[in-house]
Amino acid sequence: MARTRVWRKEVLEKEDFPMSAVSDYLQENDTLVWADLCLPDQDDLNQLADELGLDPLAVEDALEHHERPKIDRYPSHLFVTTYGMSTNAENELRLSRVSAFVLPRALVTVRGPDFDIEPVVRAWDDNPDLLEFGPKALLYGLLDVVVDGHLSCLQEIDDRVEDAEDRLFDQQPRSGHDIQRQTYMLRRQMTGIRKVVLPMRDVADTLIRHADPAHPTELTERLRDLHDHVVRTNEWNDGLRDTVATMFDVGLSLANANLNQVVRKLSGWAAIIAVPTAVTGFYGQNVPYPGSGTMWGFLVSTVVTIALAIGVYAIFKRKGWL
């Protein structure tokens with residue numbers, strides 16, 4: 001599956017034309033071309049690479065599935081790899097890879113079917129004035145949508161972290177395991193997010209570094225804003241990771257505190273039971289006692305046993321042991 005577009009003087013002229021016409025449009029001086037390949041095979045991408053002069057190493061990276069986000073400069077083009085981010089109904093983290101070749105007057109994107117390109121196209125259509133800056137404006141629109149997706153995903157996870165924090169101190173002993181499991185899954189997601197958002201700082205830094213500081217343009221300001229969003233994403237993710245790590249430790253501490261409380265209660269009840277056991281054991285040694293063999297002696301011993309048990313219970317209750 002492939003999509004194509006061509007703009008002439010910042011105005012959309014044609015779209016969904018054959019890929020073979022891309023090089024023809026690039027021979028014209030006032031055009032800007034976009035070509036999108038969804039899940040291409042090796043032959044299709046090699047054919048386009050030969051037609052546009054793409055570096056073989058960049059083409060190989062575009063087909064790899066485990067590349068980290070990065071930006072590489074080649075003699076004829078830039079190569080950028082990044083990942084879209086979202087969560088599904090089960091709150092599982094989903095990453096969708098997209099790569100881009102930035103040529104002097106063209107942008108070629110290579111992606112999988114799980115990366116939705118429509119928000120990127122709408123971003124380009126909503127900001128046609130940026131197209132005067134060429135393919136870097138198209139690249140900015142792509143990265144802006146990707147980073148906004150990172151922020152939206154982090155917002156969802158932030159809400160889940162707050163919910164877990166509220167449940168942490170309201171948990172019942174039977175739900176402690178669920179809280180620990182949820183915290184552990186959040187911690188894993190934070191680690192996965194960090195592998196995506198941390199390298200994006202290098203991508204944003206490179207784009208800012210190659211902008212002309214002496215002649216700032218609107219695109220330069222947009223790239224700086226993109227850089228700020230990337231920095232915010234990293235700081236937000238690091239803050240959430242610290243919060244989740246603290247929650248994990250607090251959860252373990254609360255579990256230990258609950259265990260200590262249970263042991264203390266059991267010890268208190270054992271002490272209470274030990275009092276009548278001691279009294280009845282003493283009188284069970286065939287030692288005569290006042291009232292032995294009489295009803296009133298039995299009643300007295302019973303009252304003494306109950307009174308001692310109640311007294312020990314009251315002492316433990318006042319100390320908060322029960």
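## Surface patches and a buried valine

Six acidic residues, Glu 156, Asp 159, Glu 162, Asp 163, Glu 165 and Asp 166, form a patch of negative charge on the surface. This is a predicted model, in which local features need pLDDT of at least 70 and side-chain atom pairs count only at pLDDT 80 or more, while totals for chains, interfaces and linings use all residues. Residues are numbered from 1 along each chain as its sequence is written, and side-chain values use heavy atoms, leaving out hydrogens and water.

A patch takes residues with over 30% relative accessible area and no salt bridge, joining like charges within 9 Å and nonpolar side chains within 5 Å. A salt bridge here is a side-chain nitrogen of Lys or Arg within 4 Å of a carboxyl oxygen of Asp or Glu.

A second patch is nonpolar: Trp 296, Val 300, Val 304 and Leu 308 make about 370 Å² of surface.

Let's look at three residues and their helices (DSSP runs of H or I, at least four residues, numbered from the N terminus). Buried means under 20% relative accessible area, exposed over 50%, and partly exposed in between, with a 1.4 Å probe and protein chains only.

| Residue | Helix | Relative accessibility |
|---|---|---|
| Asp 166 | H5 (residues 135–168) | 54%, exposed |
| Val 275 | H7 (residues 218–283) | 18%, buried |
| Val 300 | H8 (residues 295–318) | 43%, partly exposed |

What is Val 275 in contact with, leaving aside its neighbours within four places in sequence? The partners are Leu 308, Ala 309 and Val 312, where contact means heavy atoms within 4.5 Å. Leu 308 also belongs to the nonpolar patch. By contrast, the C-alpha atoms of Val 275 and Tyr 83 are 69 Å apart, with the two residues 192 residues apart along the chain.

Terms used: Areas by Shrake-Rupley, 256 points an atom, 1.4 Å probe, with all protein chains shown as cover. Lys, Arg positive; Asp, Glu negative; His and termini not counted. Charge placed at Lys NZ, Arg CZ, Asp CG, Glu CD. Helix = DSSP H or I, 4+ residues; strand = E, 2+ residues; numbered from the N terminus.
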